[in-house]
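Me: I would like to learn how to read backbone angles and burial in a model. Please take me through the one shown here.

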Amino acid sequence: MTMHITTTINGIQNKDRSYIYIPKEDHHYFPEPNEKFKIIDSKNNKEYIVHLENSYRIPGLKSFFKSHTEIGKGTKILIEAIEQFKSYNIYVDHIPDELDQTIRQDLEVIESENFTEGGMSLRLVNYFERNPELRTAAIRIHGTTCLACGFNFESKYGEHGKDFIEAHHINPVSRNLEEKIVDPNKDLVVVCSNCHRMIHRNRMKILSLEDLQELIKKIEN
Ligand SMILES: [Zn+2]
Ligand SMILES: [Zn+2]
């Protein structure tokens, strides 16, 4: 079970824009004061090496505030421990709702498949496509109907298929991920599992969404 720590930005933090307070009662989720740990802003693909001060402040987040200009007084910040005492994900104003939970569960299933089946699906589902925030953002933007063939899981399977669709990153997988910023609007599309497999079927020639749409059109005519 992942642990979420919620903190609210107050007036002083908002003005200074370089640190956040951790509620005293959540202190024990972090290493001892002054020990370094990592905060990951996956939305912007940025990492910050920070520490917790005795006053329960995490300083060193200037660029985080800079890249999230929407942060104001009262903004909720969510911190998720991903590796205890070592690294944490940070989200702005983002309390996981039902869609987030569903997507995380789907991804957990996909991840566990990767372990049992070996290479195949690991190649299919690349880093960005497995990132729950990006996947959620892609679904919020593009919906849950396959952009290649029009398939909709809920229409076919009812309640069981609700909110399910796969995210496909339209640029070939890059292994050098650290600096790259993914725009879920432009870089990700949503496709059904069949179309997704067809897109990635030939590793040497990953189809574009348009390629696949063309193929489908040709057959239908
Ligand atoms: Zn499809
Ligand atoms: Zn893909």
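**Positive phi and burial**

Reply: Gly143, just after H6, takes a positive phi of about 85 degrees. This is a predicted model, in which local features need pLDDT of at least 70, side-chain atom pairs count only at pLDDT 80 or more, and totals for chains, interfaces and linings use all residues. Residues are numbered from 1 along each chain as its sequence is written, while chains are lettered from A and ligands numbered from 1 in the order in which they are written.

Me: How many helices and strands are there in the protein chain?

Reply: Helices (H or I, at least four residues) and strands (E, at least two) are DSSP runs, numbered from the N terminus. The protein chain has nine helices and nine strands.

Me: Which residues of helix H6 are buried?

Reply: A residue is buried if 20 or more other C-beta atoms lie within 10 Å of its own, exposed if 12 or fewer, and partly exposed in between, with C-beta atoms placed from the backbone. In H6 (residues 132-142), the buried ones are Leu134, Arg135, Thr136, Ala138 and Ile139. Of the 221 residues in the protein chain, 22% are buried.

Me: What is the phi of Asn34, and is Asn34 buried or exposed?

Reply: Most residues other than glycine have a negative phi. Asn34 has a positive phi, near 75 degrees, and lies in the loop between E2 and strand E3 (36-41). Asn34 is exposed because 9 other C-beta atoms lie within 10 Å.

Me: Where is Arg17 found?

Reply: Arg17 is in the loop between helix H1 (11-16) and strand E2 (20-21). Arg17 is not a glycine, yet its phi is positive, about 55 degrees. With 16 other C-beta atoms within 10 Å, Arg17 is partly exposed.
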